[in-house]
Amino acid sequence: MYSPADAETDVLARWDEANAFAVEPTTDPDEPTYSIVIPPPNVTAALHLGHALNNTLQDVLTRYHRMRGDRTLWMPGTDHAGIATQTVVEKRLLSQGIKRLDMGREAFVEKTQEWKDEYETVILEQLKALGASCDYDRTRFTMDDVCATAVRHAFFTLFQDGLIYRGKRLVNWDPVTRTALADDEVEMEEVEGHMWYLRYPLADGSGHVVVATTRPETMLGDTGVAVNPNDPQADAVRGKEVLLPIVGRTIPIVEDDYVVMADPEGEAKARIASGFLKVTPAHDPNDWDIGLRHDLEVINVMGPDGGITDKYGWTDVSDEARQFVGMSREDARTAIVAWFEANGLLEKVIDYSHSVGHSYRSHVPIEPWLSDQWYVAVTDDRLRGSALRAQAADQAGEVPEGVTPPGDTPGDGALRFMPPRYARSYHSWHENIRDWCISRQLWWGHQIPVWNRTVSVADASPEITAALDGAGVDQARPVESSWVSAGAAHLVRLVTEDEIEESVCVPPASSLGRLERADTSMDEPQLVAALEADGYVRDPDVLDTWFSSGLWPMSTMGWPWPEDFPETVGLLDSFNPTSLLTTAREIITLWVSRMVMFNRYFMDGQLPFQDVFIHAMIQDGHGQKMSKSLGNGVDPRDIIHTHGADAMRFSLAQMTTDTQDLRMPVDTICPHTGEAFTPEFIITAAGHTVAAPIQQSPAGDGRTMVSLYGVATGQVEPTDDQPLARNTSAKFDVGRNFANKVWNATRFALGSIEADAPAEPVAVADTAFVDRWILSRLAETTATIDNALGEYHFNVYADTLYHFVWNDFCDNYLEAIKPTVRDTPEQQVVLGTVLDAILRLMHPVCPFVTEALWPAVSAARIGTIAGVDLPESPLVVNATWPSIDGAVIDSSAAETFDRAHNLATEIRRLRAQREVKPKQRITIHVDDQVGGLISDAGGMVETLAGVGTVASANEELPQVSSAIAFEGSQVIVSDLVDEVDVGAEAERLDKAIADLEGQIKNLEGRLSNEGYVNNAKPELVQESRDQLVAKQADLEVAQAARAALD
RNA sequence: GGGCGUUUAGCUCAGUUGGCUAGAGCAUCUCGUUUACACCGAGAGGGUCGGGGGUUCAAGUCCCUCAACGCCCA
């Protein structure tokens, strides 16, 4: 039995000792290279099964290309994952009673660093355990010095080029983590809520209007009511004002065709509309736009925690409104609705389900909130346009209007998605893109390298006044100042009518030293000191994690100054663009797009990667995404422990098809007995099917255990009597069995090779029939695998390999050669050769078992075969991929094999039906035609079917026998049993006859159809005719045998 | 609301340009412990390819339509 744990430990040590994954850049531009940068896992937690899948696919390709002789780099690393990591660290500290704000920024970052170190170690160990053949000496982290330099240089360059700006905007605010989020970090969720219809009295006392809202609490910040100008209701209120209840604010009624008119017969929205829309520019993005169009006031009534407050711009708080200040947004909603009801201003309430943006981190509803944030102008043609121009024309078509079409820039039209349909997702996302908010109100991350100060318009210098000439509030302008002479970049903008914000971006020291600048008197620390002496304060915010991830294919290779980090010199030239990015589809916008924009912008149009492979999502047996909170995940470490890394890898690769998400029924492992069983499922309130918190042991002895779901939701705690049950999945058994099969087949084969090596390479033509056949199958298999991997058809690779090894090699070849191999040196050469090639072909997906077997196979091999090139290598990881001459493919051997195998199967079926003991040798009586086939097959039929004697049908036939129809000949089988069971025999033949008659009827029907005979391809028609003849012959044989029984 | 994907054996999935009696693994049933492997071998049973309509000599495959499930975008 193959023991993965022992083999894996040993093999890892050998790879490590040989430094087997290390690679140096090449200076030869013609040398083929292959490179992948790992999608850096977040340092928030250990790797899950999705990572195992993604990294398996990358490793399969990496190992394949390494063996093909490409200079191959797989660059590993991890991501600091700003908001995600900060959230988990804060949670952990809070459980110890420590608050982030109490400990201060520096101490908190230090704590987070400790967490990062811990999980980075776990992750890298997991990658190694998985067999990932990364060049670990090059491991990067998105916040290490190399990456930090890249981030600062990129930020500075974009800032200087006018592609980064600061503005006061409505952002997606997460009130729990208290930071802004980018648009694509917001997840829409359907929420069962209400639509409230509120009466707003007209200021002139002439009645009221009814506004419909899902968010009554924001009414405190209303600064207008809007109506559609085409709405008949508009005439009555044109030019009027409304007296805002509670607040007492007088606000205008404006006309805007954004407003949906009420229409009971219309679309869903019109049916619930009242025709009047309350406008809250500070708390709704659409209202913000309406406010801009009608010059409405912006009144912010909420704080960063989402609660009602007068601290952020709300100045006209009335006595009546005072009671709501300090409430949470949820409480305020209830209280305000109650107020309207109590005052007779609540018209009605209806149930209403609508989608609400939620934070992808904290999962609470997003609050549109007004604040100053930094943006990358990704809508600029230099970024968005470049991302669109990168797309292969046959995948995405034309660029949208307003975008410069592709030209001669390197990288234009070279980006390909696989499966191709994702090219369209990428394309349409860029059509509707908005500027990218990159500032995050966090402590863990790259702090924004900008120093700000505010000056009054009156005190502004002449350059600033000149720069701002004609600029409105919130419009940033570059300014030529002494800071610019000293190497920094300088932006100014009006934050209000009379206040100016100055922002100075300082490049990293290494860039500053290389810049051409008028004033070289200050280095970077001095420049910063000078700024701070002048009243500038560094922006406390950090950058969105994806800003540094977006630079990953460059930063890991030493960009922008590789010479400062000697180990990175040459990497960009050799390995960027990388060959492939594999990732899940949810990352296309967050990450793929940004890497394309950045790499192209900073590297003269060059792509970060040529191909993007989007892999499947792993779901549980009920089609639900695996997640911690549902407790339906499978830990890769558990699978490596129970099945082995190769088993996990093989199974995952085999499940990777173009179209399907992977559905993986999850079983529970009983901690008492170690047995895997299907747990009892319950359905949660949210409609998820999950393992019940407490499960009974399948042993049926009343012992119990708690499920991962139970623990994740805090419903149960594991105890000694009732321990936690881990998950597994029977899906991995295939891989485990396969590794075991190879292990045992190799042990057997090695014991059969003992001859001295023939002096000359063996010529294929001189070998036995089965040898020619298996070599032919080897050549075909290799070609199929090459095609499959070239097209990222991982399941085809795995299935082809499995079929070749298990069926062709083990079931047929090894069985067929058993009687001859020990006395046939040439056959031993073939056996050793095929075995060696199998280990190579299998290595990319099952690196451990192949490496573990490699020394023994290498040592046992004798001789070589002409046309099959398998040079020796101390390790299979660095061995060459099999190179097999096309002439080895022998189609006549393949055909003879198929016929002989069919004959053996017919005989075996008969044996099984008559329950003949395996040891029993039988006798068959055949005509010349079948005799010829048996002779051509060189003993294979006899061996596989347990035939002791092949006699001629012309000789006298035994009394006790059975007949088989085969290719129109009668094969008489005897020595099966002592007596013929006439009933069983008749039943068998009747079934065969019925079967043949069905087929004949089918063929006759087809051939009597004129349309078929006239229209189908002639060779197809001829084939049908031949088949008909053959089946009819078989039928006659079977009928004759049946008649003989009566 | 727009887009994409899926629906094939009890389960998990293959099925390239339409063309042999629709395949595999697991599960089930029968037989077998033949010194590589019971994580095994030999054999068997099991599918009107989600429903309906159409094109065609021929449809799992192409077109239309309906339904269910999943994902993305608004």
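These are my notebook entries on what I looked up in the predicted model of chain A with RNA strand B.

**Ground rules.** I worked from a predicted model, in which local features need pLDDT of at least 70 and side-chain atom pairs count only at pLDDT 80 or more, while totals for chains, interfaces and linings use all residues. Residues are numbered from 1 along each chain as its sequence is written, chains are lettered from A and ligands numbered from 1 in the order in which they are written, and side-chain values use heavy atoms, with hydrogens and water left out.

**RNA strand B.** I looked up what surrounds the strand and found 49 residues, the closest being Thr657, Lys731, Trp806, Gln999 and Asn1009; a residue is near the strand if one of its heavy atoms lies within 4 Å of it. Of the strand's atoms that come within 4 Å of the protein, sugar and phosphate account for 60%. I noted that these residues divide into 14 nonpolar, 15 polar and 20 charged, where Ala, Val, Leu, Ile, Met, Phe, Trp, Tyr, Cys and Pro count as nonpolar, Asp, Glu, Lys and Arg as charged, and the others, Gly among them, as polar.

I then went through polar contacts (pairs of N or O atoms within 3.5 Å; within protein, one must be able to donate a hydrogen and the other to accept it, and residues adjacent in sequence count only if both atoms are side-chain atoms). The side chain of Asn1009 places an N or O atom 2.5 Å from a sugar or linking oxygen of RNA strand B, and for the side chain of Arg585 the corresponding distance is 3.3 Å. Arg736 instead uses a backbone N or O atom, which lies 3.5 Å from a base oxygen of RNA strand B. Among the elements that give two or more residues to this surface are α26 (733–750), α28 (794–817) and α34 (982–1007); helices (H or I, at least four residues) and strands (E, at least two) are DSSP runs, numbered from the N terminus. The largest share, nine residues, comes from α26.

**Thr85.** I placed Thr85 in helix α3 (residues 82–95). At 0% relative accessibility Thr85 counts as buried, a word that means under 20% relative accessible area, with exposed over 50% and partly exposed in between (1.4 Å probe, protein chains only). The side chain of Thr85 reaches the backbone oxygen of His80 at 2.6 Å. Not counting residues up to four places away in sequence, Thr85 touches Val43, Thr44, His80, Thr112, Trp115 and Trp444, contact being heavy atoms within 4.5 Å.

**The loop between α27 and α28.** I found both Tyr792 and His793 here. Tyr792 has a positive phi of about 60 degrees although it is not a glycine, and at 9% relative accessibility Tyr792 counts as buried. His793, at 22%, counts as partly exposed. His793 and Thr656 are 137 residues apart in sequence, yet 7.5 Å apart in space, C-alpha to C-alpha.

**Backbone checks.** Most residues other than glycine have a negative phi, and most peptide bonds are trans. I therefore noted Asp604, which has a positive phi of about 55 degrees without being a glycine and at 66% relative accessibility counts as exposed. I also recorded a cis peptide bond joining Trp559 and Pro560, with omega about 0 degrees, and another cis bond from Asn576 to Pro577, with omega near 5 degrees.
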